[in-house]
Amino acid sequence: MESVIKVANVSKNYRSHQVLKNIDLTVNKNEIYGLLGPSGAGKTTLVKMIAGIEIPTSGSIRVLDSSMPNLKIMTQIGFMAQSDALYGELSGRENLEFFSSIYGLKGQKQKERIHQVTELVNLSSFLQKPVNQYSGGMKRRLSLAAALLHEPQILILDEPTVGIDPVLRQSIWDELYKLSKSGTTILVTTHVMDEAEKCGQLGMLRDGKLIASGTPQELKDFTSSASIEDAFLYYGGVHHEN
């Protein structure tokens, strides 16, 4: 299998506080890899380092066989942050035009991609509205659209479906499956158990440590658990003696 993301013995400290401890993980091409863990587990810090936005205190991160951070590689990544990096006074369309111009999309190609991504996230009829009039869920959808604009090889999504209704959440996941089949590698963070089940591979993060990784089925089988939630509790040391 061709590995696209390789994290080797990575730790991250903020002053005296250690946020991540000796993380090793590999994400293969076309995979949907989920990082599951509660708030404060270190998921956002880890994906920011993989995206090249932050630098590890120790260890190494390679993406598409280049050491991160690397500006050329960063253009191959679509990154959707947890806090929406949108311009509130601009309309939805103006935001997408701005982001697509950063990615070098112009003219007809820009128009086509904006149309395609807004159809996907079900925002086409709201593009003229200023973003500061959007609901939280609409902002998440616009952020996802922006991350998809330049058809990146790697998509990194930090809690992409928070505040999004279940029907649209399902359609976004359907699209992620399609993207992964067509060659996009996807890394997604979540604290939602049923979303973790949808990932091909799963890494469980707790207190800055990777406590388990494997397919959702492997993790359940190994711990004789009926659900991912039970498996997570088991690996986190909260299992009951029989």
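Two strands pair if DSSP finds at least two bridges between them. Strands (E, at least two residues) and helices (H or I, at least four) are DSSP runs, numbered from the N terminus. The model is predicted: local features need pLDDT of at least 70, side-chain atom pairs count only at pLDDT 80 or more, and totals for chains, interfaces and linings use all residues. Residues are numbered from 1 along each chain as its sequence is written, and side-chain values use heavy atoms, without hydrogens and water.

**Exercise 1. Trace the sheet that contains E1, and find the bridge partner of Val7 in E2.**

Step 1. Set the order: E2-E1-E4-E5, an open sheet of four strands with antiparallel pairing.
Step 2. Mark the edges. They are E2 (17–28) and E5 (66–67), each pairing on one side only.
Step 3. Take E1 (residues 3–14) with E2. They pair in the antiparallel sense over eight bridges.
Step 4. Read off the partner: Val7 bridges to Leu25 in E2.
Step 5. Add the helix. H1 (residues 43–50) lies across E1, E2 and E4 (58–63), at about 125° to E1. Angles run from 0 to 180 degrees between N-to-C directions, with axes fitted to C-alpha atoms, for helices over the stretch in contact.

**Exercise 2. Describe the sheet of six strands and its edges.**

Step 1. The order is E6-E7-E8-E3-E9-E10; the sheet is open and its pairing mixed.
Step 2. E6 (77–80) and E10 (209–214) each have a single partner strand, so one side of each lacks a neighbour in the sheet.
Step 3. From one strand to the next, the twist averages 15°.
Step 4. E6 pairs with E7 (residues 154–158) in the parallel sense, over four bridges. Met80 has Leu157 of E7 as its bridge partner.
Step 5. Place the helices. H5 (residues 136–148) lies across E6 and E7, at about 170° to E6. H9 (residues 228–235) lies across E3 (32–36), E9 (201–206) and E10, at about 45° to E9.

**Exercise 3. Classify the packing of H3 and H4.**

Step 1. H3 (residues 92–102) and H4 (residues 107–120) pack at about 125°, axes 10 Å apart.
Step 2. Apply the classes: under 35 degrees is roughly parallel, over 145 roughly antiparallel, 65 to 115 roughly perpendicular, the rest oblique. H3 and H4 are therefore oblique.
Step 3. List the contact (heavy atoms within 4.5 Å). H3 gives Arg93, Leu96, Glu97, Ser100 and Ser101; H4 gives Gln110, Ile114 and Thr118.
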